[in-house]
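Biologist: I would like a close look at a single part of this model. Where in chain A is confidence highest, and where is it lowest? Please start there and work outwards.

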Amino acid sequence: MAPVVDGLEAEYSGKVGVRDINANLDETAAKFDVQAVPTCVFLDSSGRQIEQFEGGDPEKLRDGFRKASGG
Amino acid sequence: MICPHCKAETSDMMNVCELCGEPLNNGVSQPYVEAAPGDATAQVNGPPGGAAPSEWPPPDTGLSTSGTARPAGKARRGSGAGRPWYMSPWPYLVGITIVAAVAASLFLLRPKVKAYPDLLVNNQPTLLNFYTDT
């Protein structure tokens, strides 16, 4: 999954940021009710959640980046 | 046709007198005979070329022939007490109040979306990538 995320992060550089969070160490996982890893949560520029899914499906990731960037 | 009650001329097509409302005999002309002064033998004749005098007047049709036969309507009420509901502002005020209350409750009970601006990277849309190192 990491290569896919890295590629999309580079593609959407300046539009969508990426924050890697260790689900075992960070209480943020509880806020988003993370039950499995990997889990992806997209936030808009106001910090509101716009999408959440489990797994590293490249198509879902690309779609999430597109939505987050407003494109 | 001549009304037997008020002697007014009225249309032959009418069932009641146009002037006094008295029922007419359903298209059968009512004869109007002016008795000559002192003529005690003046009598009612049947319609010209119609039934014999013995058949006249026609059988009782059940219609009243005395007085006016207007249906008795509801007695008029005093002003105010009998006004229909839609003339009062209260039903509308109650309705508006209910609608406003429902709208306000929907607004207050709408699902609140949490925001996590502290998790953003450079205040731009952000992917939170939860992973584990085990």
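**Strand S2 of chain A and its surroundings**

Modeller: Within chain A, confidence peaks in S2(A), at a mean of 95, and is lowest in helix H1 (residues 2-11) of chain A, at 89. The score is pLDDT, the predictor's confidence in each residue, from 0 to 100. Chain A as a whole averages 91, and 99% of its residues score at least 70.

This is a predicted model, in which local features need pLDDT of at least 70 and side-chain atom pairs count only at pLDDT 80 or more, while totals for chains, interfaces and linings use all residues. Residues are numbered from 1 along each chain as its sequence is written, and chains are lettered from A and ligands numbered from 1 in the order in which they are written.

Next, the setting. Chain A has three helices and three strands, in the order α-β-α-β-β-α along the sequence. Helices (H or I, at least four residues) and strands (E, at least two) are DSSP runs, numbered from the N terminus. Chain B has one helix and one strand.

Now S2(A) itself. Five of its five residues are buried. Buried means 20 or more other C-beta atoms within 10 Å of a residue's own; exposed means 12 or fewer, and partly exposed lies in between, with C-beta atoms placed from the backbone. In a regular strand, side chains alternate between the two faces of the sheet. Here both faces are covered. Thr39(A), Val41(A) and Leu43(A) are buried on one side. Cys40(A) and Phe42(A) are buried on the other.

S2(A) has a partner in its own chain. It pairs with strand S3 (residues 49-54) of chain A, antiparallel, over five bridges. Two strands count as paired if DSSP finds at least two bridges between them. Val41(A) faces Gln52(A) across this pairing. Five residues sit between the strands of the hairpin, and Gly47(A) there has a positive phi near 90°.

S2(A) also has a partner in the other chain. S1(B) runs antiparallel to S2(A), joined by five bridges. Leu43(A) stands opposite Thr126(B) in that strand. S1(B), residues 126-131, pairs with strand S1 (residues 17-22) of chain A too, in the parallel sense over six bridges. There, Ile21(A) is opposite Phe130(B).

The nonpolar packing brings both chains together. The largest nonpolar core has 18 residues. Such a core is a set of buried Ala, Val, Leu, Ile, Met, Phe, Trp, Tyr and Cys residues joined through C-beta atoms within 7 Å. Ala23(A), Phe42(A), Leu127(B), Leu128(B) and Phe130(B) have the most contacts inside the core. S2 (39-43) and helix H3 (58-69) of chain A, together with S1 of chain B, each supply at least two residues of this core. S2(A) gives the largest share, four residues.

Take Ala23(A) as an example. Beyond its neighbours within four places in sequence, Ala23(A) contacts Ala29(A), Val34(A), Val37(A), Phe130(B), Tyr131(B) and Thr132(B). Contact means C-beta atoms, placed from the backbone, within 7 Å. Across the whole interface, 20 residues of chain B meet 29 residues of chain A. The chain B side is made up of twelve nonpolar, seven polar and one charged. In that count Ala, Val, Leu, Ile, Met, Phe, Trp, Tyr, Cys and Pro are nonpolar, Asp, Glu, Lys and Arg are charged, and the others, Gly among them, are polar.

Just ahead of S2(A) is a backbone feature to check. Most residues other than glycine have a negative phi, and most peptide bonds are trans. The bond from Val37(A) to Pro38(A) is cis, with omega near 0°. Pro38(A) sits in the loop between helix H2 (28-31) and S2 of chain A.

On the other side of the pairing, Asn122(B) lies in the loop between H1 and S1 of chain B. Asn122(B) has a positive phi of about 55° although it is not a glycine. Asn122(B) is exposed, with 9 other C-beta atoms within 10 Å.

Last, a contrast in burial. Buried residues make up 25% of the 71 residues in chain A. In chain B they make up 7% of the 134 residues. Helix H1 (residues 90-108) of chain B is hardly covered, with zero buried residues among its 19.

How values were computed: Contact = placed C-beta atoms within 7 Å.
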